[in-house]
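Please look at how the chain below is held together. The cysteines and the buried side chains are a convenient place to begin.

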Amino acid sequence: MYAFIELAATWNEAVSNCTCHGGHLAEIETLGENDFITNELSIRQNRGIGYWLGGYNFNGDSDLEWISKPTDCMPFTNWYPEEPNLKLDEHCLIAFRWGDFKWHDLNCALLAPYVCEF
């Protein structure tokens, strides 16, 4: 089950808010799950930059990992072309609105709505 939280938060605030409600930021692990979430995001009227997901660059390497599995590679990805670009200040994963909700790495301090998974 998912909750689409329209209130903007930093990535860390989104992590805390999901945890406080017994969940975690969404971790998309299959094409079907991605299609469902992307469809849900596309019908929402939010004008923000996108929605935080539960990916983070824990290892300072060339990819991101899910919060619940910081040592494992993601089994599924939906990166926008040339992402992740791994800029020094971009460690958090967002489904980017202007890229058909394909994934971008982004600065964790930016404010965006988010998706919790339960």
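The paragraphs below go from the overall chain to its strand pairing, its disulfides and its nonpolar cores.

The model is predicted. An unreviewed UniProt entry places the feature "domain: C-type lectin" at residues 1-117. Over residues 1-117 the chain is 19% helix and 29% strand. The C-alpha atoms at the two ends of this range are 6 Å apart.

Strand pairing brings the two ends of the sequence into view. Strand 1, residues 2-9, is joined to strand 7 by five bridges, and the two run antiparallel. Strand 2, residues 24-25, also runs antiparallel to strand 7, with two bridges between them. One residue of strand 7 appears in both pairings: C116 is the bridge partner of A3, and C116 is the bridge partner of L25 as well. Strand 7 itself covers residues 112-117 and is mostly covered, with six of its six residues buried.

C116 also leads to the disulfides, of which a search of the whole structure finds two. C116 is bonded to C18, with the sulfur atoms 2.0 Å apart. The torsion about this S-S bond is about -85°, so the disulfide of C18 and C116 is left-handed. C18 belongs to helix 1 (residues 11-20) and C116 to strand 7, so the bond ties together parts that are 98 residues apart in sequence. Both cysteines of the pair, C18 and C116, are buried.

The other disulfide is formed by C92 and C108, with a sulfur-sulfur distance of 1.8 Å. Here the torsion about the S-S bond is about 95°, so the disulfide of C92 and C108 is right-handed. C92 lies in strand 5, whereas C108 lies in the loop between strand 6 (103-106) and strand 7, so this pair ties together parts that are 16 residues apart in sequence. C92 counts as buried because its relative accessibility is 0%. C108 has a relative accessibility of 14% and therefore also counts as buried, the cut-off being under 20%. With the bonded cysteines of the protein chain numbered in sequence order, the pairing reads 1-4, 2-3.

Which cysteine has C18 as the location of its closest cysteine sulfur, yet is too far away for a bond? This is C20: its sulfur is 9.5 Å from that of C18, so no bond is possible at that distance, given a limit of 2.5 Å for a disulfide. C20 is exposed because its relative accessible area is 66%. C73 is likewise in no disulfide, and the nearest cysteine sulfur, that of C92, is 18 Å away. C73 has a relative accessible area of 63%, so it is exposed.

The buried nonpolar side chains remain. The largest nonpolar core has 17 residues, and I28, L41, L53, W66, L93, W103 and V115 touch the most other members. Helix 2 (31-42), strand 3 (50-56) and strand 5 (92-96) are the elements that give two or more residues to this core. A second, separate core has 14 residues, including A14, C18, I94 and A112. C18 thus appears twice in this account, as a member of the second core and as the disulfide partner of C116.

Note on methods:
Residues numbered from 1 in each chain as written. Predicted model: local features only at pLDDT ≥ 70, side-chain atom pairs only at ≥ 80, totals over all residues. Heavy atoms only, no water. Core = buried A, V, L, I, M, F, W, Y, C linked by side-chain atoms within 4.5 Å. Buried < 20%, exposed > 50% of the residue type's maximum accessible area, 1.4 Å probe, protein only. Helix = DSSP H or I, 4+ residues; strand = E, 2+ residues; numbered from the N terminus. UniProt positions renumbered as here; feature names shortened; annotations may be inferred. Pairing = 2+ DSSP bridges.
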